[in-house]
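Please look over the sequence and the model shown here, and then follow the explanation below from one part of the chain to the next.

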Amino acid sequence: MDSNKPDPSVFDAECSARHALELIASKWAVLILSALAEAPMRNGALMRRIDGISQKMLTQTLRDLERNGLVVREDMKTIPPHVSYRLSELGWSLSSALITLDRWAEHNFPELDRAKEAYDLQNG
């Protein structure tokens, strides 16, 4: 390791940690990872658990999460096909922070809504 090189920083445009933030900051990724922290799930169970997500967005987000090592896709090699998704070890290391973020949003959304309404009234 080059001792003259600065430590990686998300504030640096060249730092690949920015990609990690972009990946996990998506609402769908947060919701999928939080749902999988409850239990491994099949595609249909995730669709039922995450109200409002389209099949296309679920598939795309699962692929991104799998590609980046946060989710493991398990093909049971059965007919009809049976595929399940679970958190990887890396995904588990992130899940508690995301669950904390989910609970914060659930607890504080009324205050956020009030602030937005007040702002909109004041700023037309």
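The paragraphs that follow take up helices, salt bridges, a loop and a surface patch in turn. The model is a predicted one, and the reader should keep this in mind throughout.

A convenient place to begin is helix 4, which covers residues 55–67. With 13 residues at 1.5 Å a residue, helix 4 should span 18 Å, and its end C-alpha atoms are indeed 18 Å apart, so the expected and the computed lengths agree. Four residues of helix 4, namely Leu58, Thr61, Leu62 and Leu65, are buried. When one looks down the axis of helix 4, these buried residues fall within an arc of 100°, and therefore they line one face of the helix. The face turned away from that buried side carries the exposed residues Lys56, Arg63 and Arg67. As for what the buried residues of helix 4 pack against, the partners are helix 1 (17–24), helix 2 (27–38), helix 3 (43–49), strand 2 and strand 3. Just after helix 4 comes Gly69, which takes a positive phi of about 80°.

One of the buried residues of helix 4, Thr61, can serve as an example. Thr61 counts as buried because its relative accessibility is 6%, and the cut-off for a buried residue is under 20%. If its neighbours within four places in sequence are left aside, Thr61 is in contact with Trp28, Ala29 and Ile32. Trp28, Ala29 and Ile32 are themselves among the buried residues of helix 2.

This leads to helix 2, which has 12 residues and reaches 17 Å from its first C-alpha to its last, close to the 16 Å expected at 1.5 Å a residue. Helix 2 is mostly covered, since 9 of its 12 residues are buried. Besides the residues already mentioned, the buried ones include Val30, Leu33, Ser34, Leu36 and Ala37. Ala37 is also in contact with Ser95, a residue found in helix 5, and Ser95 touches Leu87 as well, again leaving aside neighbours within four places in sequence. Ser95 is buried, with a relative accessible area of 5%. How far apart in space are Ser95 and Leu36, which are 59 residues apart in sequence? Their C-alpha atoms are 8.8 Å apart.

The charged side chains give a second way of reading the model, for the structure holds 3 salt bridges. In one of them, Glu38 pairs with Arg49, and the closest N and O atoms are 2.6 Å apart. This pair links distant parts of the chain, as Glu38 lies in helix 2 and Arg49 in helix 3, 11 residues apart. Both residues are partly exposed, Glu38 with a relative accessible area of 48% and Arg49 at 47%. Another salt bridge is formed by Arg86 and Glu74, whose closest N and O atoms are 3.0 Å apart. Because Arg86 lies in strand 3 and Glu74 in strand 2, the pair ties together parts that are 12 residues apart in sequence. Arg86, at 31% relative accessibility, counts as partly exposed, and so does Glu74 at 28%. A further salt bridge joins Glu106 and Arg103, with the closest N and O atoms 2.8 Å apart. Glu106 and Arg103 both lie in helix 5, 3 residues apart, which is about one turn of the helix.

Between strand 2 (71–75) and strand 3 (83–87) there is a loop that contains Pro80, and its backbone deserves a careful look. Most residues other than glycine have a negative phi, and most peptide bonds are trans. In this loop, however, Lys77 has a phi near 55°, a positive value in a residue other than glycine. Lys77 counts as exposed, at 70% relative accessibility. A cis peptide bond joins Ile79 and Pro80, with an omega of about 0°.

The last stop is on the surface. Which residues make the nonpolar surface patch of about 420 Å²? The patch is made by Leu101, Trp104, Phe109 and Leu112. Leu112 belongs to helix 5, which runs over residues 89–123, and this residue is partly exposed, with a relative accessible area of 45%.

How values were computed: Residues numbered from 1 in each chain as written. Heavy atoms only, no water. Patch = residues over 30% accessible without salt bridge, like charges linked within 9 Å, V, L, I, M, F, W, Y side chains within 5 Å. Areas by Shrake-Rupley, 256 points an atom, 1.4 Å probe, with all protein chains shown as cover. Salt bridge = Lys/Arg side-chain N within 4 Å of Asp/Glu carboxyl O. Helix = DSSP H or I, 4+ residues; strand = E, 2+ residues; numbered from the N terminus. Buried < 20%, exposed > 50% of the residue type's maximum accessible area, 1.4 Å probe, protein only. Expected span 1.5 Å × (residues − 1). Arc of directions from axis to C-beta. Contact = heavy atoms within 4.5 Å.
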